[in-house]
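Subject: The structure I promised you

Hi,

Here is the structure we talked about, so you can open it while you read. My notes on what turned up are below it.

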Amino acid sequence: MAGFNGRDLTFDWSSTTLVGVVTRGLTVTNDFVDVTTDDDIGWRTLLATPGVRSVEVTVGGVTSDEVLLAEIMAASVTSDTLKADLPSSLATPGNLSGSYVVSSYETSGETDGKVEFSATFMSTGAVTYTASAA
């Protein structure tokens, strides 16, 4: 059975892949609008187009890259919008590009000069998906 490696899901920020990332996750959400009425005889009816679409990326890891940590911290405090790409060679290859804000950022401990961190990035505005040529 063919598989894939989790490290193939990367998060590129300003054309630079975030370093030190050990765990990563991606959630694509389509919040459909429930328009069920009594005429639907008990079956739920949803609008064909979602009311809200969003992408959320979570990352965590250990790094000694002070510049990376400072940039994430600055973006989380100022609510700056980041241009980011999610290139992937996973089972459904492609690329998600869009603007993101840092919705949460945490640093903790220090082990051998490295800081543990986690961050959540939420999409703001349209996100485009481009399938890979593979």
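To get your bearings, where is the place of Val 35? Look in the loop between β3 (21-31) and β4 (52-63). Keep in mind that this is a predicted model, so everything here was computed from it.

Let me stay with that loop for a bit. Val 35 has a relative accessibility of 33%, which is why it counts as partly exposed; the cut-offs are under 20% for buried and over 50% for exposed. Together with Val 33 and Leu 47, Val 35 forms a nonpolar patch on the surface. The accessible area of those three residues adds up to about 200 Å².

Asp 40 sits in the loop between β3 and β4 too. Here's the bit I'd look at: Asp 40 is buried, yet it has no salt bridge. Which side chain of opposite charge is nearest to Asp 40, and how far away is it? That's Arg 44, at 9.8 Å, while a salt bridge needs the charged atoms within 4 Å. What Asp 40 does have is a polar atom of its side chain 2.7 Å from the backbone nitrogen of Thr 37. Leaving out residues up to four places away in sequence, Asp 40 touches Val 35 and Thr 45, and that takes us back to the partly exposed valine of the patch.

Now over to strand β7, which covers residues 114-123. Two residues there caught my eye. Phe 117 lies in this strand, and its relative accessibility is just 4%, so it counts as buried. Phe 117 and Val 22 are 95 residues apart along the chain, but their C-alpha atoms are separated by 9.9 Å.

The other one is Ser 123, also in β7. With a relative accessible area of 16%, Ser 123 is buried as well, because the cut-off is under 20%. Which residues is Ser 123 in contact with, apart from its neighbours within four places in sequence? They are Ser 54, Val 55, Ser 99 and Tyr 100.

Finally, the overall picture. The protein has one helix and eight strands, and from the N terminus on they run β-β-β-β-α-β-β-β-β. Of its 134 residues, 28% are buried. Among contacts with a separation of 6 or more, 61% are between residues 24 or more positions apart. The accessible surface comes to about 8,600 Å², with 53% of that belonging to carbon and sulfur atoms.

Cheers

Key: Residues numbered from 1 in each chain as written. Predicted model: local features only at pLDDT ≥ 70, side-chain atom pairs only at ≥ 80, totals over all residues. Heavy atoms only, no water. Patch = residues over 30% accessible without salt bridge, like charges linked within 9 Å, V, L, I, M, F, W, Y side chains within 5 Å. Areas by Shrake-Rupley, 256 points an atom, 1.4 Å probe, with all protein chains shown as cover. Helix = DSSP H or I, 4+ residues; strand = E, 2+ residues; numbered from the N terminus. Buried < 20%, exposed > 50% of the residue type's maximum accessible area, 1.4 Å probe, protein only. Lys, Arg positive; Asp, Glu negative; His and termini not counted. Polar contact = N/O pair within 3.5 Å; in protein donor to acceptor, adjacent residues only side chain to side chain. Contact = heavy atoms within 4.5 Å.
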